[in-house]
Amino acid sequence: MLTNLRASIGCLWHGKQEGNHALGVLSLAAYGFIKLLVVVMAGLRALPWLGSGLVVLGLMTPPAPWSAAAVRAQSAVSASLNRQSFVAAAVRRAGPAVVTIDTERTVATSSGSSGGLPRGLLNDPMFRQFFGMPQLQQQPSQRTERGQGSGFIFQVDGLILTNAHVVEKTDRVTVGLQGGRRVEGTVVGLDRLTDLAVVRLAGGGPWPVAPLGNSDSLQVGEWAIAVGNPYGLDNTVTMGIISNLNRNASKLGITDRRLDLIQTDAAINPGNSGGPLLNADGEIIGINTLVRTGPGAGLGFAIPINRARDIAKQLITTGRVSHPMIGVSLDGVRPGDGTGLSQGVRVMSVQTSGPSARAGLQKGDVIVAVGDQPISSPSQLVTAVERAGVGGSLLLRISRSGNLMQLTVVPVQMAPLR
């Protein structure tokens, strides 16, 4: 091919020598291009390692066929990857710290059978004498109720996070670890309003610790892995996705909880309560707390781990949790509701003598911002109140009959206003 190129160059140069000026200019240009091409091709001939799959002027050198050994090695790697899913890796990372929590409580019961008759009538001495019935002996009796839930160790000193309803009013807590070891536990503190509790293991460990993730960075559609002990079946793993975020507990008909929950379609069953919800990296992003039954069954909910971390810190430090509030009920702004606004939260009622009433907030006001932060949902305002804390200060920007105003509200502890 190089010989042909040299012949072409000679012909072009000959044309220039015969005095054809236009052809000579063109020949010089062509000569420069062809000379560059010759240099490139000569270089390629000296670099055989570039030959496989390289395209030069539309010509492709076919890649060398794989050897049989290379094919077998590639097949082995593919088979290994297919067998080992990311779910298995995630569970291996967090699984050793997941525990079973068995509880016992003593419940007083009444003794004796009434036979369907009113208890007051049976206690009447004349009635019993008339029918020849022996005097009723009131014998106090007790029975032991047993329950079970899940939890996970989140600190090296043997502290466990679980649900408050798992360990509330219990006389004894026994924690089961992987491998069959069982250890007594003590309730450090619990908070009914957020359904969270901290349990301390007896003994010195060492204890496996689960890695905690960041629930604030979650996105709808991410993987969700639930681990726990439903119906007493230890170390059960189910998988789904994050179906939604910031589901307010009150919208689920749960009026005695103050929570914004993670919604997932990963199967959560009785006994899963208190167990971890993991992301694809094996980090805990939530604490499984309830499952919807009946209509809409298959919906599970978990407490975000960032919220749980803050609650646990207060329980460990003081044994109780501070719940600031401003004494209002709220609803989101909707098209056609008469407010004329596209975002904000409407004040549906104001508690008499509460912080909002003292600050001048009225029913029908629309809170559009807290400080410089726009508010578009009631949960955002609740979060702002939580961050301000009891005795803090909230600058509310409100719209009243189309006029913008500012009010300062000081949250108080929830208990005095119950």
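A residue counts as buried when its relative accessible area is under 20%. With that in mind, welcome to this predicted model. The chain has 418 residues, and buried ones make up 36% of them. Its secondary structure consists of 10 helices and 22 strands.

**The chain as a whole**

- Among contacts with a separation of 6 or more, 61% join residues that sit 24 or more positions apart.
- The chain exposes about 23,500 Å², and carbon and sulfur atoms supply 56% of that area.

**Two helices to look at**

- Start with helix 10, which covers residues 378–388. Its buried residues are S379, L381, A384, V385 and E386.
- Just after helix 10 you will find G389, whose phi is positive, at about 80°.
- Helix 8 runs through residues 305–318 and has 14 residues. From its first C-alpha to its last it reaches 20 Å, close to the 20 Å expected at 1.5 Å a residue.
- In helix 8, the buried residues include I305, N306 and A308. I311, A312 and L315 of this helix are buried too.
- Another glycine, G319, comes just after helix 8 and takes a positive phi of about 85°.

**Nonpolar cores**

- In soluble globular proteins, nonpolar side chains tend to be buried together.
- In this model, the largest nonpolar core has 45 residues. F152, I153, I160, L161 and I287 are the ones with the most contacts inside that core.
- Apart from this core lies another, of 15 residues. Its members include I326, V345, A384 and L407. You have already met A384 among the buried residues of helix 10.

**Two buried asparagines**

- N163 lies in the loop between strand 5 (159–162) and helix 7 (164–167). Its relative accessible area is 0%, so N163 is buried.
- A polar atom of the N163 side chain lies 3.1 Å from the backbone oxygen of D195.
- Not counting residues up to four places away in sequence, N163 touches D195, L196, A197, S273, G274, I287, N288, T289 and I303. One of these, I287, is also among the residues with the most contacts inside the largest core.
- N288 belongs to strand 13, which spans residues 284–291. N288 counts as buried because its relative accessibility is 0%.
- The side chain of N288 has a polar atom 3.2 Å from the backbone oxygen of P276.
- Leaving aside neighbours within four places in sequence, the contacts of N288 include N163, A226, V227 and I268. N288 is also in contact with the run N272, S273, G274, G275, P276 and L277, and with F301 and A302.
- The two asparagines, N163 and N288, are in contact with each other. S273 and G274 appear among the contacts of N163 and among those of N288.

**An aromatic pair**

- How many aromatic pairs does the model have? The count comes to one.
- The partners are F86 and W223, and their arrangement is tilted: the ring centres are 5.4 Å apart, with 45° between the planes.
- This pair links distant parts of the chain, with F86 in helix 4 (residues 86–94) and W223 in strand 9 (residues 223–228), 137 residues apart.
- Are these two rings' residues buried, exposed or partly exposed? F86 has a relative accessible area of 33%, so F86 is partly exposed. W223 is partly exposed as well, with a value of 41%.

Terms used
Residues are numbered from 1 along each chain as its sequence is written. This is a predicted model: local features need pLDDT of at least 70, side-chain atom pairs count only at pLDDT 80 or more; totals for chains, interfaces and linings use all residues. Side-chain values use heavy atoms; hydrogens and water are left out. Buried means under 20% relative accessible area, exposed over 50%, partly exposed in between (1.4 Å probe, protein chains only). Helices (H or I, at least four residues) and strands (E, at least two) are DSSP runs, numbered from the N terminus. Rings of Phe, Tyr and Trp (its six-membered ring) pair if their centres lie within 6.5 Å; planes under 30 degrees apart count as stacked, over 60 as edge-to-face and the rest as tilted. A nonpolar core is a set of buried Ala, Val, Leu, Ile, Met, Phe, Trp, Tyr and Cys residues joined through side-chain atoms within 4.5 Å. A polar contact is a pair of N or O atoms within 3.5 Å; within protein, one must be able to donate a hydrogen and the other to accept it, and residues adjacent in sequence count only if both atoms are side-chain atoms. Contact means heavy atoms within 4.5 Å. Accessible areas come from the Shrake-Rupley method with a 1.4 Å probe; for residues, only the protein chains shown count as cover. The expected span of a helix is 1.5 Å times one less than its number of residues.
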